[in-house]
Every structure is written in structure tokens, then in C-alpha cells.
Amino acid sequence: MANPSKITEGGVVYSLGDFDGKRVEYDFSKVLAYLDAKGKMLFGRNFRLYPEDRGVLLKLCNYMVRDRESCRRLGIDPDKGILLSGPVGCGKTTLMKLIRHLTPHYRPYEVIPVRNIVFGFNHIGYRVIENYGNGGYFCFDDIGVEPMGRYFGRDCNVIGEILLSRHELFLGSGLRTHGTTNLNAEELEGRYGKRVRSRMRELFNLIAFDKGARDKRGIANSTENKRSKN
């Protein structure tokens with residue numbers, strides 16, 4: 001990409017900041033304007049960015065554009081992945097699907113629901129763990145709420161095994177892994193055990209919504225219902 005500070009969507013050019021030929025000086029207000037517009041394209045006209053999520057967005061955006069100085073100030077390691085946590089419905093999956101569009105000059109990650117991975121394991125077995133554990137750019141969505149895998153009568157903690165493999169991959173090649181979860185640290189340890197939880201600390205930066213973050217899905221449905229009545 002000739003100028004990574006500009007993104008064209010639907011014939012409209014969005015400026016994210018200033019580019020001096022070597023480095024982009026991002027303007028957070030312009031980045032938010034682009035994300036709001038892109039969000040409406042992806043998720044519909046009711047999409048919006050919420051003021052109370054500004055802190056989470058600031059961390060995610062600085063991480064995605066690889067602003068190492070800002071990441072250092074925010075306590076983020078840009079060489080690790082992101083684990084975005086928060087209550088059900090607060091917008092974790094939506095934001096992880098959205099922010100990958102901020103840097104189209106980088107290879108995007110694929111957002112995969114972990115339940116789908118387990119269902120795949122139940123059908124074709126351990127090849128699924130190899131497929132997700134040995135390479136690829138992934139964001140594992142809803143870590144910790146998936147069922148136990150079962151193949152030919154044998155139970156397997158599929159996502160736990162994949163996370164162990166991804167940790168080895170990270171140490172060997174630096175390939176990052178992302179994820180979302182509704183669970184806190186203690187719940188994740190209870191789900192996967194101390195070993196996996198320890199590897200997750202090395203694999204991820206934890207970025208968390210406030211525990212009281214509201215359910216945006218209810219807000220969107222309420223807005224749509226009001227418009228339908230008018």
C-alpha cells in the first residue's frame with residue numbers, strides 16, 4: 001500500500017492521520033470516524049461506537065497500528081496477541097472483526113467461534129487441532145464456553161490443546177494469536193488448568209471491558225424496534 005494513512009471504502013477516502021513516507025502519525029479521532037463508518041458497512045446502520053468503550057478502543061487501535069511507544073505507555077506488548085474480555089454482549093466479537101480493517105496492509109486474522117472448532121473436532125478428530133495449532137492467523141471467539149470435544153469415545157479439551165500448540169508456535173516463530181472471552185482469569189484456569197492459563201499469560205495481552213459494560217445487542221434491537229414503529 002502506497003499510503004497506509006488513507007483507506008478507500010465505497011469510493012470515499014478516509015484519512016487516518018499523516019504519512020511522511022516512512023511512518024504514519026495516526027489521529028485517534030480520525031481513526032474512530034473511519035471505524036464508525038466501516039462498522040456501519042459491516043454490521044448495519046445501527047452500529048455505533050460507545051464513549052464508555054474509548055479506553056478499550058484506544059488500546060486496540062494502538063496495538064493494531066503497531067505504535068510501540070503508545071503500546072508501552074498503555075502496558076501492551078505489540079509482539080503478543082490480544083485477549084479481549086468482557087461481559088456477554090459488550091461488543092468483543094464485533095470490535096475484533098472491525099479493527100482488523102484498520103491495517104489492510106497487514107495480513108488479517110480470521111475470527112473463528114471456538115464452538116465451531118469443537119464441532120469440527122467431533123466430526124474429523126485431531127486433524128482439527130493440527131489445523132488451528134500449527135499455523136494461520138486466528139482470533140478464537142468465546143474462549144472458555146465451548147463444550148468438551150469427543151471423538152471416538154475419547155474426551156478432549158480441544159481449545160486447551162490448541163492454545164498449547166499456539167504457544168509453542170508463538171515461541172518458535174512469533175506468530176500471534178488473538179481471542180475473546182467472557183471469563184475471568186480464575187474461570188479460565190478452572191476451565192483449562194494452570195498449565196494452559198500460564199501459557200495464555202505469555203501468549204496474550206489482556207484488554208478488558210469494564211465488568212459493568214452494558215449489553216449493546218439490546219440497545220441495537222431497541223433502536224430498530226423504535227424505527228419500525230415510526
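Colleague: Happy to look at this with you! In which loop is the place of Arg-66?

Modeller: Glad to help, and bear in mind that this is a predicted model. Arg-66 has a phi near 60°, a positive value in a residue other than glycine. Its place is in the loop between H2 and helix H3 (68-74).

Colleague: Does Arg-66 count as buried, partly exposed or exposed, and why?

Modeller: Buried would need under 20% relative accessible area, and exposed over 50%. Arg-66 has 23% relative accessibility, so Arg-66 counts as partly exposed.

Colleague: Thanks! Where is the place of Asp-142?

Modeller: Asp-142 also deserves a look. Its phi is near 70°, a positive value in a residue other than glycine. At 27% relative accessibility, Asp-142 counts as partly exposed. The place of Asp-142 is in strand S7.

Colleague: Now for the interior. Which elements give two or more residues to the largest nonpolar core?

Modeller: That core has 34 residues, and among those that touch the most other members are Leu-35, Leu-60, Leu-84 and Met-96. The elements that each give two or more residues to this core are helix H1 (28-43), helix H2 (54-64), strand S5 (81-85) and helix H4 (92-99).

Colleague: How many residues are in the second, separate core?

Modeller: Ile-143, Leu-164, Phe-170 and Val-196 are included in that second core. It is separate, and its count is 25 residues.

Colleague: Within what arc do the buried residues of H4 fall?

Modeller: The buried residues of H4 are Lys-92, Leu-95, Met-96, Leu-98 and Ile-99. Seen down the axis of H4, these buried residues line one face of the helix, because they fall within an arc of 165°.

Colleague: And which elements do the buried residues of H4 pack against?

Modeller: One contact partner of Lys-92, Leu-95 and Met-96 is Leu-84. Taken together, the buried residues of H4 pack against H1, H2, S5, strand S6 (110-113), strand S7 (138-143) and strand S10 (178-181).

Colleague: Lovely. Which element gives the largest share of the lining of the largest pocket?

Modeller: About 530 Å³ of space lies in the largest pocket. Of the 22 residues that line this pocket, the closest to its centre are Gly-89, Gly-91, Thr-94, Lys-216 and Arg-217. The largest share of the lining, 4 residues, comes from H4.

Colleague: Last one: over which residues is the pLDDT below 50?

Modeller: The protein chain averages a pLDDT of 93, and 94% of the residues score at least 70. Where pLDDT is low, the predicted coordinates should not be read in detail. The pLDDT is below 50 over residues 222-230.

Definitions and conventions. Residues are numbered from 1 along each chain as its sequence is written. This is a predicted model: local features need pLDDT of at least 70, side-chain atom pairs count only at pLDDT 80 or more; totals for chains, interfaces and linings use all residues. Side-chain values use heavy atoms; hydrogens and water are left out. A nonpolar core is a set of buried Ala, Val, Leu, Ile, Met, Phe, Trp, Tyr and Cys residues joined through side-chain atoms within 4.5 Å. Buried means under 20% relative accessible area, exposed over 50%, partly exposed in between (1.4 Å probe, protein chains only). Contact means heavy atoms within 4.5 Å. The arc is that of the directions from the helix axis to the C-beta atoms. pLDDT is the predictor's confidence in each residue, from 0 to 100. On a 1 Å grid over the protein atoms alone, a cavity is a set of points where a 1.4 Å probe fits but cannot get out, and a pocket is an open set with protein on both sides within 12 Å along at least five of seven lines; lining residues have an atom within 4 Å of a point. Grid points are joined across faces, edges and corners, and a volume is the space filled by probe spheres set on the points. Lists of a residue's contacts leave out its neighbours within four places in sequence.
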